[in-house]
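User: I am new to this structure and would like to understand the reasons behind the terms used for it. Please take me through them one at a time.

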Amino acid sequence: MNHKIKNYLLISRKERWGLTAWGWIIIFLLLMIFSTLFLRDLYGTLSPVHREKTDILVLEGFVSDYVLEDAIREFRNGNYTLLVTTGTPLEQGALLSQYKNTARLAAESLKKLGFDSTKLAIVETGEIMHDRTYNSALAFRNWLRLHRPGTRAVNLMTMSVHGARSRLMFQWALGDTLKVGIISLPNMFYGPYDWWHSSKGFRETLNEAIGYYYVRCFFRPYENEIHKNTENK
């Protein structure tokens, strides 16, 4: 009788294994230890510094103004012969600025600081809806093929936690035959051991971490014909 009734019920009781209170505590502690170790090294992972032997320094144009002086200093100390700015159209302030692209804005700012314009090249891209860093790298690759075809290495300079993703994107765009060094400049608002103390540092670091691991796992390099019209001035 009981067996027949159970067949018509909507629920049943089954024996299962589960964590005790101590089990949950141990799992929680292990997660805390893993998170602490991961977050402690996160800034360093996202902000690598590794220079290659080359005479070409590439500067991502979106960087803050205070980075420009670091770029000039790096150029002089590193015995480079050419500084190339890359970039995309301004997302803010374009209506009030005569320079509509971050590559040109950075280049003109460098000139304002006294940098020799004869050692400066500008590589701009058109309007890009996604993969802005990668498309900037493609534009730079096309520029290299036209103007410096024998180049075997470049050093890329960018802002702190954006470094790892930028290097990855440029390396994929430029190919295995060209080495990409990376110079991730410190951020004046937060550092490697206190980035989580401010909303800006916490937001930017975690955002770049998501972006970096996303492209590591899911991004696939592709070609884009739009960059054949890359401008050099």
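**Strand pairing, burial and a helix**

Analyst: Val58 in E2 stands opposite Val84 in E3. The model is predicted, so local features need pLDDT of at least 70 and side-chain atom pairs count only at pLDDT 80 or more, while totals for chains, interfaces and linings use all residues. Residues are numbered from 1 along each chain as its sequence is written, and side-chain values use heavy atoms, with hydrogens and water left out.

User: What makes E2 and E3 a pair?

Analyst: Two strands pair if DSSP finds at least two bridges between them; E2 (residues 56-60) and E3 (residues 82-87) have 5 bridges in the parallel sense, so they pair by that definition.

User: How do you know that E2 pairs with E5?

Analyst: E2 is joined to E5 (residues 153-159) by 3 bridges, and the two run parallel; in E5, Leu156 is the bridge partner of Val58.

User: Why is E2 called mostly covered?

Analyst: Buried means under 20% relative accessible area, with exposed over 50% and partly exposed in between (1.4 Å probe, protein chains only). In E2, 5 of its 5 residues are buried: Ile56, Val58 and Glu60 point one way, whereas Leu57 and Leu59 point the other way.

User: How do you know that the span of H6 agrees with its number of residues?

Analyst: The expected span of a helix is 1.5 Å times one less than its number of residues. For the 16 residues of H6 (residues 132-147) this gives 22 Å, and because the end C-alpha atoms are 22 Å apart, the two agree. H6 is also mostly covered, with 12 of its 16 residues buried.

Note on methods
Helices (H or I, at least four residues) and strands (E, at least two) are DSSP runs, numbered from the N terminus.
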